[in-house]
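Open the model in a viewer and follow the stops below in order. Each stop gives a selection and what is found there.

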Amino acid sequence: MSNQLFKIALAGNPNSGKTTLFNALTGLKQKVGNYPGITVEKKTGTIKLSNDSKAIAIDLPGTYSLFSKSIDEEVAQQILCNKDNRDYPDITLVVADASNLRRSIFLLTQIIDLKMNVVLALNMVDIATKKGLIVDVNLLSKKLGIPVVAINARKGKGIEVLKKTVINSLGKSPDYPFLDVGKLFKGAIQKANIIRNVENNYASFMALCKQKLSGEIENRCALNQLCKSEDIIPERAQAKETVNRYSLIDKLVKETVKQGEPIGKYMITKRLDDLLIHPFYGYIIFLLILFVIFQVVFSWATYPMDLIDGLFVDIQMFVSQALPKGLLNDLVVNGILAGLGGILIFVPQIAFLFAFIAFLEDTGYMARVSFITDKLLRNVGLNGRSIIPLLSGAACAVPAIMSTRTISSWKERIITILVTPLMSCSARLPVYTLIIALIIPAEDYFGFNLQGIVMMSFYMIGFVAAILVALLLKYTIKSKEHSYYIMEMPSYKIPDWKTVGYTIFEKVKVFLFDAGKIIIAVSIVLWFMSSFSPGDNFEKIEKKWKGHENAEFNINADKLEASYAGILGKMIEPAIKPLGFDWKIGISLITSFAAREVFVGTMSTIYSVGDSNVKSIQTRLSELKNPDTGEAFFTPAVGISLMLFYAFAMQCMTTIVIVYRETNHWKWPFIQFVYMGFLAYFSSLIAYQLLS
Amino acid sequence: MQCLAELSIGSTGEMVRIFDNNLEQKLLEMGCTPGENFEVVRKAPFGGPVAILISSYILSIRREDAKSIEVIEL
């Protein structure tokens with residue numbers, strides 16, 4: 001097998017340590033993508049098995065059985081049951097939890113029955129020993145008729161032996177099935193084999209039980225007829241088969257596992273659970289953890305973010321001076337580099353949030369969070385796991401939406417994705433700060449700072465809107481799947497830092513490369529819109545201000561007005577006038593689409609026109625007069641209306657791109673953009689009309 | 001007939017039958033076969049899920065779903 005690439009599939013239950021083994025085998029040579037057309041994550045990597053053989057490994061979604069009930073399980077089923085699938089493995093590596101052998105070899109025995117070439121990697125033998133369980137590996141291997149290797153994926157023990165075993169087992173498949181379905185359902189299976197034109201009892205049994213094996217549509221009718229004539233009810237047959245399989249497994253476990261006395265340490269899980277899922281303290285601790293996550297993502301991340309920001313300002317300065325002045329210079333500096341900086345700025349928040357999530361997931365705490373919050377959140381159409389994305393949305397919606405992958409129910413995940421951007425993210429903060437300072441007096445009411453109260457109310461408005469919209473979506477989004485919550489609560493573990501590290505690395509990589517491309521493209525479009533104008537308008541502007549004091553300020557402001565963005569801003573003025581906005585705010589609304597905080601910059605450029613004194617944006621805006629009334633332009637009505645618009649409108653292209661990536665469909669970001677736009681427009685309209 | 005939802009924390013029982021078809025298959029595959037013993041270890045507040053210790057691991061199931069699981073208290 002020299003220099004030949006063959007395929008290895010890693011299969012196993014969730015929490016079996018499958019991903020840890022995958023990381024140990026492949027290292028950083030991993031690729032993460034999606035299976036075509038669906039959002040199930042596809043992880044592949046290269047394994048160096050020996051000096052002259054390499055393999056491509058695919059990490060299948062965690063599953064308890066080959067009979068699929070969710071998209072994740074369907075992926076595993078389609079790959080393992082269909083020889084024509086392009087990911088069909090030459091050899092399957094099943095990872096099983098030794099401390100829970102009975103349940104974790106169920107899947108293995110099904111794969112054996114498919115006559116696949118299979119090796120069992122027996123993981124977590126150390127935990128089994130603590131539980132007092134001693135597994136006779138040799139006997140297990142003999143009884144199953146396949147190679148069994150004891151490993152410790154976390155510590156990297158047994159990996160070399162495993163690799164050798166894989167090489168030696170290539171091309172061999174089990175001699176006999178674990179459970180003979182041909183005997184269990186006499187006659188029917190043979191006939192199904194004939195219909196399907198294959199000699200694979202278990203695959204034919206699965207096909208009989210209405211499993212959607214690909215390329216079987218034309219056999220469906222004949223198989224249904226066969227069920228009728230042989231008196232087979234698929235659900236009953238499947239249950240019968242499962243029960244029979246378990247009784248064989250029970251026999252096997254009895255022979256190969258010796259139960260001794262558990263070692264004291266195993267009790268840790270129970271003690272921790274007494275505290276962490278306590279009806280009162282459980283929630284308090286969870287709130288504390290959320291508070292810490294929020295603090296870190298919100299405040300710690302600002303240091304690296306400022307660093308990146310500063311670095312990009314320096315690079316932009318350098319490049320703009322190094323390149324000859326002109327269009328190319330402007331495109332590189334204000335289009336590409338600005339876009340690139342706008343992407344990299346998200347990396348610290350993504351890294352911090354995923355460090356926490358991977359940590360909580362890996363210790364086993366996340367399963368407890370679902371346990372105590374499931375009922376509460378399900379009332380509003382969300383899931384126990386929605387709470388982390390929702391709250392981290394208050395820092396930034398981008399990492400928050402990326403973290404919804406842990407929600408297994410499709411509908412609850414979509415609802416979480418759709419409402420998360422309503423939470424007031426940190427990019428809204430500069431907008432709120434600027435406007436509040438303009439319209440709210442810095443007075444104390446009952447000992448509270450009024451500006452602070454208004455700021456907090458806007459955070460609350462976002463949260464309440466998110467819950468209400470979730471509730472509405474719960475009744476409008478139709479879903480065929482019945483959401484079950486059947487979940488294993490794994491024992492607590494000290495997190496595997498490598499797994500945490502891989503998760504951060506992978507999420508940052510996916511964000512930079514997948515979303516980055518689209519974001520750069522949109523940045524360039526926005527740059528184009530604000531730096532070009534029809535005809536020779538720009539030259540006229542430059543002539544007009546030539547030799548004038550503060551010419552650059554005025555030129556920039558006038559140019560923005562004459563640009564395509566400016567034209568668009570004026571075009572939408574009739575639509576936004578009832579909200580109390582003029583065309584200048586209109587331009588800011590358009591440029592803010594790149595990122596909300598751009599609002600402040602645009603406002604300061606556009607309102608600087610004709611003013612020769614350098615002033616802060618705040619003084620400038622407060623001096624502004626309404627041409628119709630002669631009063632201050634920024635009345636409380638305009639301010640509140642503008643803040644409501646920013647609270648609800650989907651003005652963040654990065655979020656839109658991430659929603660597309662996470663849902664694999666432009667439909668969802670579109671729906672989100674439209675509903676949030678409606679919400680923004682009408683709440684601003686009502687607020688302005690009532691207040692003015 | 002007794003169902004899983006009725007059992008209190010600390011009590012042990014034996015699986016008998018699961019009435020919901022999809023739930024049945026899923027739980028069978030996870031080792032909740034008839035005759036298997038278990039212990040109720042946790043119940044989440046506000047009518048949240050139930051956690052049982054079965055074939056040496058902890059499994060949590062929604063309270064509503066636990067109503068369609070027939071058991072015998074031991």
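Helices (H or I, at least four residues) and strands (E, at least two) are DSSP runs, numbered from the N terminus. This is a predicted model, in which local features need pLDDT of at least 70 and side-chain atom pairs count only at pLDDT 80 or more, while totals for chains, interfaces and linings use all residues. Residues are numbered from 1 along each chain as its sequence is written, chains are lettered from A and ligands numbered from 1 in the order in which they are written, and side-chain values use heavy atoms, without hydrogens and water.

Select residues 450-476 of chain A: this is helix α23, and A:L471 lies in it. A:L471 has a relative accessible area of 31%, so it is partly exposed (buried is under 20%, exposed over 50%, partly exposed in between; 1.4 Å probe, protein chains only).

Next, add A:M456, A:M460, A:F463, A:V464, A:L468 and A:Y475 to A:L471; together they make a nonpolar surface patch of about 690 Å². Patches take residues with over 30% relative accessible area and no salt bridge, joining like charges within 9 Å and nonpolar side chains (Val, Leu, Ile, Met, Phe, Trp, Tyr) within 5 Å. A salt bridge is a side-chain nitrogen of Lys or Arg within 4 Å of a carboxyl oxygen of Asp or Glu. Areas come from the Shrake-Rupley method with a 1.4 Å probe; for residues, only the protein chains shown count as cover.

Now select chain B. Its two helices and six strands run in the order β-β-α-β-β-β-α-β along the sequence. Of its 74 residues, 61% are buried. The C-alpha atoms of chain B fill a box of roughly 25 × 25 × 20 Å along the principal axes.
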